[in-house]
Amino acid sequence: MADTNHKQVSVAEFFEKNRHLLGFNNPAKALLTSVKEAVDNSLDACESAKILPEIFVKIQEMGENRYKLIVEDNGPGLPKKVLAKAFGSLLFGSKFRSTGGKQGRGQQGIGISAVIMYGQLTTGKPAIIISKTAKEKQARHHKLHIDIKTNEPDIVESTSKDWTKDHGTRIEVIMEGKITKAKQSPYEFIKQTAVVNPHADMEYIDHEGKKHKFPRVSNKLPKAAKEQKPHPHGVEFGIFKRMSKSTSARSVKSFLTKDFDKVGSGTANAILKAAEIDGRTMPKLLDDDQIHSIHKSIAEAKIMNPSTDCLSPIGNEALAKSLESEYDLEFVKSVTRRPTVYRGFPFQVEVAIGYGGELDAEGSVTMNRFANKVPLLYEEGSCAITKAIKGISWRSYGLSNSSGSMPTGPAIIVVHIASVWVPFTSESKAAVSNYPNISKELKLAIQECARSLQQYVKRKQRAGLEEEKRKKFRGYSSEVAIAVAKLISNESYKIAKKDIDKTAEPIQEKLLATAETMYASGKEIDEGEEENDE
Amino acid sequence: MTNSKKDIIAKLKKIGEQLEKTIKENDNPEITMPVRTLTNAYFDEKDKLIRLGDKRQSRTFFNVGQSRKFMQTVLIAAQIKELLEQDKPSISTRQLYYILKHTIEGLKENTFEDQAESDPVIEDLEVAADSLREELGLEPTPKGVFCGPITYKDVRTGDEINCRKMGTAGAAIPANVEPTAMEFQKSEAKFVLVVEKFAVWNILNQMKFWDKHKCILLTGKGQGERSARRLVSRLNKELKLPVYVFCDFDPYGYYIYSVYKQGSINLAHFSERAGCPDAKYIGLKYDDIEKYKIPKTNWIKMNDQDMKRLKEIQNYDWFKKKEWQKEIEKVKKWGWKVESDSLVSLGIEFMGEKYLPRVIKEADFLD
């Protein structure tokens, strides 16, 4: 397997040289990316084993710009066979595939081992992995490095110890890092993660030893995403070619019907007829031109949209509930759109808008972007979600904005896009690309929430006006009462203020009582026009 | 009809009592007053005055659009009553605004935000109490001057003012020219000459035109304000002096003349006391241009706005007389205007020695 080996070596070396592409540009971002990869891993592990996640994160200061990251979960634990490899080898793992599959957080599986490698590169310290499956009596402790040349785990020490947990995994990595207070802090990431994972129970101890709890809001595990064959419309030529070479199908026709989603016998016949290929041909024997013409006729063929049960949305109720538990809000509206498709990939958009309460009334609204339940904290400006929000005329929805900028007002907008394959603008997976279908869905979902917001804001304004009106009448009543008292008294200038007040009091009481009966009878104090004085 | 202080106090008190009664009956308190807009001003053909019609409006408290103004009206009424009861010096409308301006308890607003809010309410109260501002103890800022063979007594100070000896400055028109404040005494005047421009008045005064022709020479410095108009009206009615008005030869000059004569729309309630229905327009007139060969260099082309104003004036009921319609038609066709100042190009004394004496002698007026 010299070929594979060579490929793996280059992956590890590639990381060493190009870590900025994977989100390890600078100490602050690297620490955050590490938290993210570890938490993603834990959540995915729990969910695939149908376990309600309990996740513990701790960042411990170890010296100047040096931190120990600890992430522990109650996932199924990793069997002895794969444990070292799962953490100590880049691109290992069930998540790595190029087409189809199911919705997952990491999507590429480069994640956790990259964290270990980053720690190793910046501090030289080995990572500690502790894992236990329910079947095992003791937990396995590994201290390991990644061998950059071979992309193999290099286990420094391996022991078995008792663990209080029945099952789970814990990882400790020491790395160079920096804590920012801004929007891109680990705290913000964990808080946002809690919002979109209402079924997870999370606890975070920050570098100052402060404990933050994000309790579970929903005991329902999200609908499990199903494995799915790739939809032909989402498969690019190179991948299509590779699939044709490695398929176990004996004929082109069965290659199409068995390896792809939504391709039945009729569809396959139509595709092959248009491509002028005999369906009985062995896939391995197709030449490049033939593969090309099949791929081309697939693009032109009418094929049913992909099945969407490979998606796992948060669900609008859970999303709303979760947002309410993380923020003190007056109003929440959430929407989960029906799944739809871009370029053959199913995707689904969810939006929640929260309003009022603790939110800042003056500044820009808070925007939380998520892809497959993972917060996106960087590259805000180039993200389709940001663009969709900026493209809406918020003025008509109860917030204010100048065109092309973020709206301002006491609101939080949470946008989640779930997909088998979220199209990111770059490898660091921080911004969603602007595909027309995605932009359209985003816009519709945001607008649907915005309409409810508008109604709420309007109602609130009306109630506010009503109260304002009462206040005004109260204030005016006292002025009028005193003036009338002066008018009806002889030589009022000689009368002491308290005696004028005494005369005024019953007059004011009457005025207020009259105002109240008018309100009570529902007889709006008529909004008569201003008289026309010139 | 003039009101004494007592009358006004009684009127204001009555307004207060009416309000109290309505309030105690749990009803919506209101103050009614004549409408003071063009829609309710009309030209009284018989008396030749612009008058206020019968249309009344009511200002109520329990009305979102009116409650603030209602409050302001009552505040002003109460304050005026207090000032009148105390026999204090008259104040200006601006001073009244300052007396009443304060922050309303529990609100972030003031009773009045600026004088532009209080001034119209004062005019409302004038008509609501069927009275004049001067009677309410509020005085406008006068700007006119006059002189001539007359002496008057300033009642409040007791000074006797001899308008024959006022020098080049002339006598300032007092803020309050009501009989209760200004008593006419010895007079040899035979008519009143009102000129629009101070510069014209200034030449005529220096020439002692008023002494030679035994007239009261007065200028309102442009549009005549309340006290100038009221003074001219009193001279006309009480001393039976004819009134002649000399203005610029343009639509605005026409209007200034007409305000002295019939009153204005805005102060239609004031016309009765400030109008001089038999006042005459001296000029300039269209025929004068030809008659005196006023050089073309003195003419000014009328612009669109001038033309528009001229057409408006032609449509006013009080300019419907044949002679005016003919005059305006001619001017419209001609398309120019001439300032009275420009007549000095025919000689500094031209106006005082030639033009005015001839027009007055020949009664070459427009009426």
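**Helix α13 of chain A against helix α1 of chain B**

The crossing of α13(A) and α1(B) is left-handed. To view this pair in the predicted model, select residues 497-520 of chain A, which form helix α13, together with residues 5-24 of chain B, which form helix α1. The two axes lie 9 Å apart, and the helices pack at an angle of about 50°. That angle makes α13(A) oblique to α1(B). Next, display the side chains at the contact: A:I507, A:K510 and A:L511 come from α13(A), while B:E20, B:I23 and B:K24 come from α1(B). Coloured by class, these residues divide into three nonpolar and three charged, with no polar residue in the contact of α13(A) with α1(B).

**The interface of chain A and chain B**

Widen the selection to the whole contact between the two chains. Chain A contributes 35 residues and chain B contributes 43 residues. Together the chains bury about 3,800 Å², of which 61% is on carbon and sulfur atoms. How many salt bridges does the rule find across the interface of chain A and chain B? The rule finds one. To locate the salt bridge, select B:E109 and A:K472; their closest N and O atoms are 3.3 Å apart.

**Helices α7 and α8 of chain A**

Now move to chain A alone and select residues 252-259, helix α7, with residues 265-275, helix α8. Their axes come within 9 Å and cross at roughly 130°. This crossing angle makes α7(A) oblique to α8(A). The handedness of the crossing between α7(A) and α8(A) is right-handed. On the α7(A) side, show A:V252, A:K253, A:L256 and A:T257; these meet A:S265, A:A268, A:N269, A:I271 and A:L272 of α8(A). By class, the contact of α7(A) with α8(A) comprises five nonpolar residues, three polar residues and one charged residue.

Follow the backbone from α7 into the loop that leads to α8 in chain A, and stop at A:K262. Where phi is concerned, A:K262 has a value near 65°, which is positive in a residue other than glycine.

**A cis peptide bond in chain B**

For the last stop, turn to chain B and centre on B:L284, in the loop between β15 (280-283) and α10 (286-291). Which configuration does the peptide bond from B:G283 to B:L284 have? This bond is cis, and its omega is near 5°. Displaying the backbone atoms of B:G283 and B:L284 brings the cis bond into view.

Definitions and conventions
Residues numbered from 1 in each chain as written. Chains lettered and ligands numbered in written order. Predicted model: local features only at pLDDT ≥ 70, side-chain atom pairs only at ≥ 80, totals over all residues. Heavy atoms only, no water. Axes fitted to C-alpha atoms, helices over the stretch in contact; angles between N-to-C directions. Helix = DSSP H or I, 4+ residues; strand = E, 2+ residues; numbered from the N terminus. Parallel < 35°, antiparallel > 145°, perpendicular 65-115°, else oblique. Left-handed = near helix turned anticlockwise from the far one by under 90°. Contact = heavy atoms within 4.5 Å. Nonpolar A, V, L, I, M, F, W, Y, C, P; charged D, E, K, R; others polar. Buried area = accessible area lost by both parts, 1.4 Å probe. Salt bridge = Lys/Arg side-chain N within 4 Å of Asp/Glu carboxyl O.
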